[in-house]
Structures are given as C-alpha cells and as structure tokens.
Amino acid sequence: MFKKALFCVLCFSLFSTTLFADEEVTEEIKDDYQYFLIEPDIITNYIKPGKRIGFVRVTVELMVISKANYAVLENHEPLIRDKIITIFGEQNEDMVKSVTDRDNIRQRCLVEINDLLYAETGTKPVEALLFTKYLYQ
C-alpha cells in the first residue's frame, strides 16, 4: 500500500512539473513575429559581360517582431523596393549566381533597409530578410 501511494505521489509530482514548465514557456513567448511579403516580385537586371542583359526575379519576405513594425513596412514599401532594386543593379553575374554571394546580397539588403528605415522612422524594424524565390537568367 505504501509503495502504491509513493508511486502516485511521484507520478503526480512529475506530471505537475511538466505542466508548470509548459506554462513558463508560453509566458516567455510574447513577441508577435510576422512576415511582410513584398508584392509583386522584384524583377530587375544586373551587370553581365558583353552586350547581354541579365535578369533576376526575387520574392522578398521581411520578418518583423510586432504589428507596429509591420505597419512601418507597409508605409515604406516603395523605398524598400527601390533599395533592393538598386542593390541588385550593382551586382555582377558571378555574384548573382554564387550561393555564398547571394547570402552576402541578402545581408546587405537587410542592413541597408534597416539603415534606410532608421533614417525615416528612427527604428530598425526588420529582424530578417528572406529570398523565398530567386531566379536569374
């Protein structure tokens, strides 16, 4: 009888600690992450040797941490689009086609967009920038 009671107490204590642990985790998650999709896709050209023109088509999503930051992106979407087009226009064919340089382009876009928005609004709202579609020709 004593062993059964001890077993029940032990099981209850293990069950209750997992319940309290789950409650602590849900309390820590208070941020409201959202993704802002720049629509339509960005289609621009890049520097290619010879007399040919290279084209790149990119779908860009920006991750923000709150609804207020999402509203900032909605209000400044034309500036963001222009900055990304400008950055891609400065790239050469090797940089556009290289996977490592593609990540450098993504990082540069993130930094320059945040700097642009900081100059306009005083905040750096973008947490991450993702290329969800990346086609070049």
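Me: A residue is buried when its relative accessible area is under 20%, exposed when it is over 50%, and partly exposed in between. Why, then, is arginine 108 called partly exposed?

Reply: This is a predicted model, and in it arginine 108 has a relative accessible area of 30%. That value lies between the limits of 20% and 50%, so arginine 108 counts as partly exposed.

Me: What makes the side chains of glutamate 90 and arginine 108 a salt bridge?

Reply: A side-chain nitrogen of Lys or Arg has to be within 4 Å of a carboxyl oxygen of Asp or Glu, and for glutamate 90 and arginine 108 the N to O distance is 2.4 Å, so the pair qualifies. Glutamate 90 lies in the loop between α3 and α4 while arginine 108 belongs to helix α5, which means that the pair ties together parts 18 residues apart in sequence. Glutamate 90, at 43% relative accessibility, also counts as partly exposed.

Me: How do you know that lysine 124 and aspartate 115 meet in a salt bridge?

Reply: The N to O distance between the side chains of lysine 124 and aspartate 115 is 3.6 Å, which is within the 4 Å limit, so this pair is a salt bridge as well. Both partners count as partly exposed, with lysine 124 at 48% and aspartate 115 at 38% relative accessibility. Elsewhere, salt bridges with shared partners join Lys83, Glu90, Arg108 and Glu112 into one network. A search of the whole structure finds nine salt bridges.

Me: What makes lysine 124 count as lying over the face of tyrosine 118?

Reply: Part of the test is that NZ of Lys is within 6 Å of the ring centre, the other part being that it is within 35 degrees of the ring normal. Lysine 124 is 5.6 Å from the ring centre of tyrosine 118 and lies over its face.

Me: Arginine 57 and aspartate 41 also meet in a salt bridge; why is aspartate 41 called buried, and why is arginine 57 called partly exposed?

Reply: The side chains of arginine 57 and aspartate 41 are 3.0 Å apart, N to O, and they link strand β3 with the loop between β1 and β2, 16 residues apart. Aspartate 41 has a relative accessible area of 18%, under the 20% limit, so it is buried. Arginine 57, at 36%, falls between the two limits and is therefore partly exposed.

Me: Why is strand β3 described as largely enclosed by the rest of the structure?

Reply: Strand β3 (residues 54–64) is described in this way because eight of its eleven residues are buried. Its strand partners add to the picture: four bridges join β1 to β3, five join strand β2 (residues 42–46) to β3, and nine join β3 to β4. The β3 and β4 strands run antiparallel, and within that pairing valine 64 has valine 126 as its bridge partner.

Me: The whole structure holds five aromatic pairs; why is the pair of phenylalanine 36 and tyrosine 70 called edge-to-face?

Reply: The ring centres of phenylalanine 36 and tyrosine 70 are 5.3 Å apart, and their planes meet at 75°. Rings pair if their centres lie within 6.5 Å, and planes over 60 degrees apart count as edge-to-face, so both conditions are met. The pair links strand β1 (residues 34–37) with helix α2 (residues 67–75), 34 residues apart. Phenylalanine 36 is buried at 4% relative accessibility, whereas tyrosine 70 is partly exposed at 23%.

Me: What makes the pair of phenylalanine 88 and phenylalanine 131 tilted?

Reply: Their centres are 5.8 Å apart and their planes 50° apart, an angle that is neither under 30 degrees nor over 60, so the pair counts as tilted. Phenylalanine 88 comes from helix α3 (residues 77–89) and phenylalanine 131 from strand β4 (residues 126–136), 43 residues apart. Phenylalanine 88 is buried at 0%, and phenylalanine 131, at 17%, is buried too. Ring pairs link these two residues with Tyr134 and Tyr136 into a cluster.

Me: How do you know that helix α5 (residues 99–121) reaches close to its expected span?

Reply: Helix α5 has 23 residues and reaches 33 Å from its first C-alpha to its last, against an expected 33 Å at 1.5 Å a residue. Its buried residues, including Ile105, Cys109 and Leu116, pack against β3, α2, α3, α4 and β4. Just after α5, glycine 122 takes a positive phi of about 85°.

Technical notes. Residues are numbered from 1 along each chain as its sequence is written. This is a predicted model: local features need pLDDT of at least 70, side-chain atom pairs count only at pLDDT 80 or more; totals for chains, interfaces and linings use all residues. Side-chain values use heavy atoms; hydrogens and water are left out. Rings of Phe, Tyr and Trp (its six-membered ring) pair if their centres lie within 6.5 Å; planes under 30 degrees apart count as stacked, over 60 as edge-to-face and the rest as tilted. Helices (H or I, at least four residues) and strands (E, at least two) are DSSP runs, numbered from the N terminus. Buried means under 20% relative accessible area, exposed over 50%, partly exposed in between (1.4 Å probe, protein chains only). Two strands pair if DSSP finds at least two bridges between them. The expected span of a helix is 1.5 Å times one less than its number of residues. Contact means heavy atoms within 4.5 Å.
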